Amino acid sequence: MANTTKTIGILGGGQLGMMLAKAALQLGHTCVFLEDAPHAPASLYGQVYSSEQLDEFIKASDVFSLEFENTPIATAKLLATQKGGIFPPPIALTVAQDRLREKALFNELGITTVPYRAIHSLDELNQACDELGLPLVLKTSRGGYDGKGQFVIHTQSDIATAWHELGKATTEGAMPAPLIAEGFIDFEREVSLIAVRGQDGSIGYYPLVQNTHTNGILIKTVAPAPDVEHLTKSAQENIAKILEKLDYVGVLTLELFVTKAGLIANEIAPRVHNSGHWSIEGANTSQFENHIRAVLDLPLGDTSIVKPSVMLNVIGTYPDESRLLAIDGVHYHHYHKSERDGRKIGHITVMGDKVAEAEAVLDER
Ligand code: AMP
């Protein structure tokens, strides 16, 4: 029986969309994108529609998904009623866009989080500092990414500055949102778990990976994370609870802190994730292909690791391509984005003893 080519309409057109489209193309399917930014990386792999062209985008698609979680919920809800619907479901966006809802869901499911408080005023912030103790991390409950919209309060004298920096988010704008004050976790390391859930409810888990951030931006992922045998079961149980509660379909990422007392859930990303890029070369089925399989109701692929891998993000400026590609076994992914401080513009996946060499080439920039 001949298979029909499907078109997946994706909300967002960044590098995640680009890599989803590559995976879809390999399986004989195509993607189109809803994206307002010019020169979107995904435009190299499929038609890009602006938000004004929503009708055309819907017409061109058989089913919908997303690569950007700060997409308007109203759009996701509309797409849930069109064609084959949207995967993951809009409720996953509602939760992921709001740190307070997200933490409440974790706690409802018995998943440990940092102690936290919702903050609507300077008085409440002072009270949270008394109750939770310092240091404390103040964050916007909505709209933050890559460490933006965060302030670490170390001493009493930082409280007013932190409120001045972030407090306006609670009082300005059409939809004022509270801040969230979180107890500062002196974690040993950060790990993430990526899982995929199919339309039949089956779940595949990638191995736990270890992540290093600088200024809130991911710079390195080690797959698999070392010494996590004792943590894997509880991490998988936690993500399974979230997937089932949300009746989730597709790839979901759970970011966790490792502490002496065990795992603490930080946040979810309802999409393919930077800490899963190693899976393109390092796993039997990449996170991108598995997401496409789930959205198209195809059998999920094997998530197990083929080769221990390290993923290094290319941030700000591009490396010397010739020096990089001279290293055996380097897999270089260029995102076709212009250079800008702090911007993710590519990544490298490298195996075995070549990691230090690849890092040295990145350090030369
Ligand atoms: P987030 O946007 O919540 O993922 O935060 C970005 C990064 O800030 C995390 O990956 C951590 O490195 C750090 N961070 C966030 N929340 C906390 C916390 N409550 N305690 C200590 N570090 C944190």
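# Strands, loops and a ligand shell

Val137 stands opposite Val152 in β7. The model in which this pair is seen is predicted. The pairing behind it is that of β6 and β7, which run antiparallel to each other and are joined over four bridges.

These two strands belong to an open sheet of four, in the order β5-β8-β6-β7, with antiparallel pairing. The edges of this sheet are taken by β5 (116-119) and β7 (150-153); each has a single partner strand, so one side of each has no neighbour in the sheet. On average, and with direction ignored, neighbouring strands here are turned by 20 degrees against each other.

The ligand comes next. Fourteen residues surround the ligand, and those that come nearest are Lys139, Gln150, Ile185, Glu190 and Glu267. Sorted by class, the shell holds five nonpolar, four polar and five charged residues. Domain 2 (115-183) and domain 3 (189-363) each supply at least three residues to the shell.

Several side chains place polar atoms beside the ligand. In Gln150, an N or O atom of the side chain is 2.8 Å from an oxygen atom of the ligand. For Glu182, a polar side-chain atom lies 3.0 Å from a ligand nitrogen atom. Asn266 has a polar side-chain atom 3.1 Å from an oxygen atom of the ligand. The ligand on its own has 470 Å² of accessible area, and the protein covers 90% of that area. Two or more residues of the shell come from each of β6 (136-140), β8 (179-183) and β14 (262-269). Of these strands, β6 and β8 are also members of the antiparallel sheet described above.

A second open sheet of four strands has the order β3-β2-β1-β4, and its pairing is parallel. Its edge strands are β3 (48-49) and β4 (63-66); each has a single partner strand, so one side of each is left without a neighbour in the sheet. Within this sheet, β1 (residues 7-11) and β2 (residues 30-34) pair in the parallel sense over five bridges. One point along this pairing is Gly9, which stands opposite Val32 in β2.

Further along the chain, β9 (residues 189-197) pairs with β11 (residues 209-214) in the antiparallel sense, over three bridges. Here Val191 stands opposite Gln210 in β11. Strand β11 is also joined to β12 (residues 217-223) by five bridges, and these two strands run antiparallel. Thr214 of β11 faces its counterpart Ile217 in β12. The two strands β11 and β12 form a hairpin with two residues between them, and Asn215 in the turn has a positive phi of about 50 degrees.

Some backbone details lie in the loops. Phe87 and Pro88 are joined by a cis peptide bond, with omega of about 0 degrees. Pro88 is in the loop between α3 (73-80) and α4 (90-96). Another cis peptide bond runs from Ala223 to Pro224, with omega near -5 degrees. The loop that holds Pro224 lies between β12 and α9 (229-245). After α9, the loop between α9 and β13 (250-259) contains Asp247. Asp247 is not a glycine, yet it has a positive phi of about 45 degrees.

Methods. Residues are numbered from 1 along each chain as its sequence is written. This is a predicted model: local features need pLDDT of at least 70, side-chain atom pairs count only at pLDDT 80 or more; totals for chains, interfaces and linings use all residues. Side-chain values use heavy atoms; hydrogens and water are left out. A residue is near a molecule or strand if one of its heavy atoms lies within 4 Å of it. A polar contact is a pair of N or O atoms within 3.5 Å; within protein, one must be able to donate a hydrogen and the other to accept it, and residues adjacent in sequence count only if both atoms are side-chain atoms. Accessible areas come from the Shrake-Rupley method with a 1.4 Å probe; for residues, only the protein chains shown count as cover. Ala, Val, Leu, Ile, Met, Phe, Trp, Tyr, Cys and Pro count as nonpolar, Asp, Glu, Lys and Arg as charged, and the others, Gly among them, as polar. Domain bounds come from an automatic or database domain assignment. Two strands pair if DSSP finds at least two bridges between them. Axes are lines fitted to C-alpha atoms, for helices over the stretch in contact, and angles run from 0 to 180 degrees between N-to-C directions.
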